[in-house]
Amino acid sequence: MNDVYQVMLVAAVALPAAGAALLSVLPIRFAGPTATGFAAAALIPIIVLPFGHDRGWATYAADPPTVSPWAELDLSWVPALHLHFHLGVDGVSYPLVALTGLLTLLCCAYTMWRPPAGGSPRTLLGLLLILEAGILGTFLSLDLILFFLFFEVTLLPMYAVIAGWGGEDRRRAARKFVLYTLFGSVLLLIGVLTVAVHAGTADIVALTGGIGLSKGTQYAAFALFAVAFAVKAPLWPLHSWLPDAHTQAPTVGSVILAGVLLKMGTYGLIRVGVGVTPLGARWAAPLLGILAVAAILAGALICLKQTELKRLIAYSSVGHMGFVLLGIATLTTTGIQAALLGNVAHGLITGLLFFLAGAIKDRAHTGDLADLGGLRETAPRLAGLLGFAAIASLGLPGLAGFWGEAFAVVAAVERGGVLWTILAVLAAIGGALTAAYFLRLLRKVTHGPVGTPVSPAIAGVEWFAWAPLVALTLAVGLVPTLVLAATSLPVEALIR
Amino acid sequence: MTIDQVTLLPLYAASGTAVLVLLMDLLFARRTATVVAFAAGGIATAASAIVVGVRPATFCAGAECSWVPTPLAVTMAVMFAALTVGVLALSSPSLKIGAAPAGEFCFLLAASMTGGVVIGYAGDLITLIVGLETLTLPLYILVGLRRFAPGEKVSTAGASASITFFLISVVSTAIALLGAALNYAATGAIHLNHLVAGIGPLGPVAQTGAALLVIGFAFKVAAVPLHAWAPPTYEGAPLPVAAYLSTASKLGGVLALVAIVSRLDVAPVVAALAVLTMTTGNLVALRQQRMVRLLAWSSIAQAGYILAALALGAEGVRAAAVYAVFFVLLEFIAFGVVVALRPPASDGGDLLAYRGAGRRHPWLGAAWVLAIAGLAGLPPGLAGLFAKVTVVDALIDQGWGWLAGFVALNAVIGLAYYVRVTANLYVTPPRPGIQVVDPNLLEAATHPRLPVSRAVAAALIVAAITAVAIGFAPQLLFDALS
């Protein structure tokens, strides 16, 4: 394995962490450029990593290993706990890694120019960088205990972001978030250690395919994983922390939370749940599918009744994550690829939606749908962008949101059988409801009589933050292979 | 009986420190000289424990030895010495203003350290209990040792805390001694490596003895339902002494329990104590409004996690020791921050008194976050996270999944109050009901920024660096313990 790529793997995690450490000692006026600089620097290893990909093909053999990362680094850290510092990247994790790097950069730049009310912007920037380090570490970990460790790293910084820079009711929302997610992560801890103790290793590469685990262990471990990741994702009915957290969080907090933090749940379900305990996944798949469809329908129905902009978008996440989980639950190549694509698409589109909702709330000083209206007259560009994002989110073909949702349904139909067909039909109905509530949102916000006048000017930093998301939404919608190019082999290996 | 004097060096260093401190006070009666002599003696004790290291046992009568230098004993001797020196640093502001007589305070603390050093090395029950009592005895006085300046409001809280602690502790020692006696009567064993489960008609007697030993020692770690003394005692004691009680004194109890559980099968008793202790500790801590009481209940809960590992018997000893070391380190930092944020020789106060303290003292706030997040088992410091992982790992490894579940759920309950108390350090001043010019000025008047004494800062820096370093390299600790 080439050394450059190993250095890059470490750099991707270490650069944001170093940036956060540096911020705590630098004077406050350097905080913005430093944080943005480090977030940008962290993109360098992320851009370099895929070049390690080609070497993967050379080692293609008749019986390829279950997980063959493009780049890999494996150091023993705490032998007494089977803990290795084992990082690696492959087609499953790379799109999410790139998304994390991008969104953090956008959020840092946005915070630098538009610091939210609350504590010092320096601390917020530091927390964003720690979050990035934790999220990237989670996606890059190829060791179960290391995965858990990074999973935990993100917990308190996100709490602090919500509690320090949030809205009126921030402390209650932040507390709910942190207790809920800690509940999920202690279950993850038990699951991870159950696997590590029974298999004698915590190496995800060695464990993928459920090697060395008895059926009973896999069932128990998958049950723990499923609940743990269901809290994070969040899967109905464990979602109730999400709307409060999103409504109260500052704009950048919502973007990171919806854009990448939730993805740790779905990614974990694919990589750890399906990968390490496949028998358990097969055993629980029908239940997961039913819950996923319940999430889609519940999310859509709740959204139809929402009167607050950010809350509506937050609940729409429940529905979208439902599609992602439906894709995973089918345990087919199509389904899991749809889930991976849905993950990225939701990150881009919901990130954009939260940026826009934040911009509208900042200008109008209200997020109440009843008080908004006529945005296309007062701020036509903002209205246009909101329309674009909403239509992308409801799954218009040609935009990023379409592929994940459509193919989750297709995968469920392909899976066959009465149950999965019914689930597919219900999910499709849920998709239609999604269209209904987003159109309702547009009717209330952009059309109709002018409610609260909104200034039409869009600042340069706002274009800077939004343009990449708009462009990528379009690009992924037109060329989904951007995300899926390298996923088919690892996904097939995963469900084999 | 031949005695290897070199092996006994840590004990000589510790007791020598106590004697030296006494003489310094007697001859020079200078606070600085006494404190410096104590600090040097403490460091020498830690150094001699490391240098002597693991050697063949001594004080042997035939095959049975009373002084057994194991890796655990060495590590814990170092911990005791370090904690004692740390507590000395924390008490320097109150010694400076004369809230406690320096000579007496230092001598008693050094005597207590001597007892702590003995516990780990003890090879028989008598040495163990004598060590434990030497650790505890000076604390009865230290808890109530408080002088009041003329005009200062005299409080009897310390004296009543002292009495509470004394009575409970004496009873617990009596119970432990009764246990040792019953066990001896049934099996004839007094040396730890001869402790066996009783057989035949005297079996029940031996079992009762073992259970009584565990119960007697459980008082020392404040395990529920034998915990009631801890919150009032911590609350009434001077802050540095409360720090000592919840770290070094607790460590002594854990070591005494280790000696029993690793040789006798008392798993049901210990497991029941563990479940009760962590659950009760966390639930009651949820409602505490006084800082030291909250820390007291939290340290009760933490003892529950240690007991959970000890329920595994010999297999859980290493996990329990690792958890205990991480815990006392983080607990020490938490108490250190409390000492630094309060005026010299004051009590812990209400949580309200700490409002916004993290904004006034960013570095103390950072140390507090490190300690409290660690106690909750979360990053940024990895020490607490690894502590949690170690205990859960040991429990699952031995097939005690249900107890691991209890530990995990308790971690969630615990986070609720850890978050509450920490968020309080960062809240912005509330807007008062009446019209004032500047709420920040008012806040500065009611919550002044106090200077931090150099010794306290130094102790905090060393402890925080140690916690961070050992969090990154926990294998060092695992290696030191095996």
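**Entry 1: Val322(B)**

I began with the burial of Val322(B) in this predicted model. Val322(B) has 28 C-beta neighbours inside 10 Å, and the threshold for burial is 20 or more, so I noted Val322(B) as buried. I placed Val322(B) in helix H12 of chain B.

I then looked up its contacts, leaving aside neighbours within four places in sequence. The list for Val322(B) is Ala387(B), Thr390(B), Leu477(B), Phe478(B) and Leu481(B). I also checked one pair remote in sequence: Val322(B) and Thr75(B) are 247 residues apart along the chain, while their C-alpha atoms are 10 Å apart in space.

**Entry 2: the largest nonpolar core**

Which residues touch the most other members of the largest nonpolar core? I found Val214(B), Tyr323(B), Ile333(B) and Val407(B), in a core of 403 residues. Helix H12 of chain B, residues 317–341, gives the largest share of this core, with 22 residues.

I followed up Val407(B). Outside four places in sequence, Val407(B) is in contact with Met278(B), Tyr305(B), Ala308(B), Val391(B), Val392(B) and Leu395(B).

**Entry 3: chain A as a whole**

I recorded 23 helices and two strands for chain A. Its radius of gyration is 21 Å, and the globule rule gives 23 Å for 496 residues; the two values are close, so I put chain A down as being as compact as a globular protein of that length. The C-alpha trace of chain A spans about 65 × 60 × 40 Å along its principal axes.

I noted that 63% of the 496 residues in chain A are buried. Of the contacts in chain A with a separation of 6 or more, 79% are between residues 24 or more positions apart.

**Entry 4: chain B as a whole**

I repeated the same look-ups for chain B and recorded 19 helices and two strands. The radius of gyration of chain B is 22 Å, which agrees with the value near 23 Å that a compact globule of 482 residues would have. Along the principal axes, the C-alpha trace of chain B spans about 80 × 60 × 40 Å.

Buried residues come to 60% of the 482 residues in chain B. I took the contacts in chain B between residues at least 6 apart in sequence and found that 76% of them join residues at least 24 apart.

**Entry 5: where the chains meet**

I counted 23 residues of chain B in contact with 26 residues of chain A. On the chain B side, helix H15 (382–397), helix H16 (401–424) and helix H19 (474–480) each supply at least two residues. Which helix gives the largest share of that side? It is H16(B), with nine residues. By type, the chain B residues that touch chain A divide into 18 nonpolar, three polar and two charged.

**Entry 6: UniProt spans**

I looked up the feature "domain: NADH:quinone oxidoreductase/Mrp antiporter transmembrane", which UniProt places at residues 141–427 of chain A in an unreviewed entry. That span of chain A is 81% helix and 0% strand, and its end C-alpha atoms lie 32 Å apart.

For chain B, UniProt lists the feature "domain: NADH:quinone oxidoreductase/Mrp antiporter transmembrane" at residues 122–413, also from an unreviewed entry. I found that span of chain B to be 72% helix and 0% strand, with its end C-alpha atoms 37 Å apart.

**Entry 7: backbone exceptions**

As background, most peptide bonds are trans, and most residues other than glycine have a negative phi. I listed some departures.

The peptide bond from Ala233(A) to Pro234(A) is cis, with omega near -10 degrees. Pro234(A) sits in the loop between helix H10 (215–232) and helix H11 (241–248) of chain A. In chain B, the bond from Val224(B) to Pro225(B) is cis, with omega near 5 degrees. I located Pro225(B) in the loop between helix H7 (203–220) and helix H8 (230–236) of chain B.

Ala29(B) is not a glycine, yet its phi is positive, near 55 degrees. The loop between helix H1 (9–27) and helix H2 (31–52) of chain B holds Ala29(B). Is Ala29(B) buried or exposed? I noted Ala29(B) as exposed, because Ala29(B) has 11 C-beta neighbours inside 10 Å.

Phe59(B) also has a positive phi, of about 60 degrees, without being a glycine. I found Phe59(B) in strand S1 of chain B, residues 58–61. Phe59(B) has 19 other C-beta atoms within 10 Å, so I entered Phe59(B) as partly exposed.

Notes:
Residues numbered from 1 in each chain as written. Chains lettered and ligands numbered in written order. Predicted model: local features only at pLDDT ≥ 70, side-chain atom pairs only at ≥ 80, totals over all residues. Core = buried A, V, L, I, M, F, W, Y, C linked by C-beta atoms within 7 Å. Buried ≥ 20, exposed ≤ 12 C-beta atoms within 10 Å, placed from the backbone. Helix = DSSP H or I, 4+ residues; strand = E, 2+ residues; numbered from the N terminus. Contact = placed C-beta atoms within 7 Å. Rg over C-alpha atoms; globule rule 2.2 N^0.38 Å. Nonpolar A, V, L, I, M, F, W, Y, C, P; charged D, E, K, R; others polar. UniProt positions renumbered as here; feature names shortened; annotations may be inferred.
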